[in-house]
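Dear colleague,

I am passing on the structure we spoke about, together with some notes on what turned up when I went through it. Please have a look at it before reading on.

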Amino acid sequence: MDYDIDLVRVDVKAARGRLTLNPKFRHLADFDSCRGRTKSMWQCLGDGVADRHMTFLTIPSRVQLILGDLEYKGFTPGAQDDIVVAQ
């Protein structure tokens, strides 16, 4: 049984453009708790605003809220990009 209390790591990457989380739910993404980890370990990245790569912590039930209105901004009209979301 999952009690929705354990933190999960969420990685979101765009190959070329920038990604921004919905400001209404951005506070639910913890970008600070894992910043101080050693360089040999994964770390939190970005802040949820115009990031190419962001890594944050949250509880499972919040992932859909946080990513629900993810905004993408590309720089080259008509270009294709790859966006990867991993939890």
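Please bear in mind throughout that this is a predicted model, and that the values below were computed from it.

To begin with the overall layout, the secondary structure of the chain consists of one helix and five strands, and these follow one another along the sequence in the pattern β-β-β-α-β-β. The C-alpha trace spans about 45 × 30 × 20 Å along its principal axes, and of the 87 residues in the chain, 33% are buried. Among the contacts with a separation of 6 or more, 74% are between residues 24 or more positions apart. One example of two residues distant in sequence is the pair leucine 19 and aspartate 51, which are 32 residues apart along the chain but have C-alpha atoms separated by 5.1 Å. Leucine 19 belongs to strand β2, and with a relative accessibility of 1% it counts as buried because the limit for that class is under 20%.

The accessible surface of the chain amounts to about 5800 Å², and carbon and sulfur atoms contribute 52% of this. As for charge, there are 12 positive and 12 negative side chains, with the centres of the two sets lying 6 Å apart.

Side chains of opposite charge can pair when their charged atoms come close, and a search of the whole structure finds one salt bridge. The partners are aspartate 11 and arginine 9, whose closest N and O atoms are 3.0 Å apart. The two residues fall into separate classes of accessibility, since aspartate 11 is buried at a relative accessible area of 12%, whereas arginine 9, at 33%, counts as partly exposed.

The structure also holds one disulfide, formed by cysteine 34 and cysteine 44, with their sulfur atoms 1.6 Å apart. The link between cysteine 34 and cysteine 44 is right-handed, with 65° about the S-S bond. Both cysteines lie in the loop between β2 (18-20) and β3 (53-58), so the disulfide ties together parts of the chain that are 10 residues apart in sequence. Cysteine 34 and cysteine 44 are both buried.

When you open the model, I would suggest starting with the disulfide of cysteine 34 and cysteine 44, and then turning to the salt bridge between aspartate 11 and arginine 9.

With best wishes

How values were computed
Residues numbered from 1 in each chain as written. Predicted model: local features only at pLDDT ≥ 70, side-chain atom pairs only at ≥ 80, totals over all residues. Heavy atoms only, no water. Salt bridge = Lys/Arg side-chain N within 4 Å of Asp/Glu carboxyl O. Buried < 20%, exposed > 50% of the residue type's maximum accessible area, 1.4 Å probe, protein only. Disulfide = S-S within 2.5 Å. Helix = DSSP H or I, 4+ residues; strand = E, 2+ residues; numbered from the N terminus. Contact = heavy atoms within 4.5 Å. Areas by Shrake-Rupley, 256 points an atom, 1.4 Å probe, with all protein chains shown as cover. Lys, Arg positive; Asp, Glu negative; His and termini not counted. Charge placed at Lys NZ, Arg CZ, Asp CG, Glu CD.
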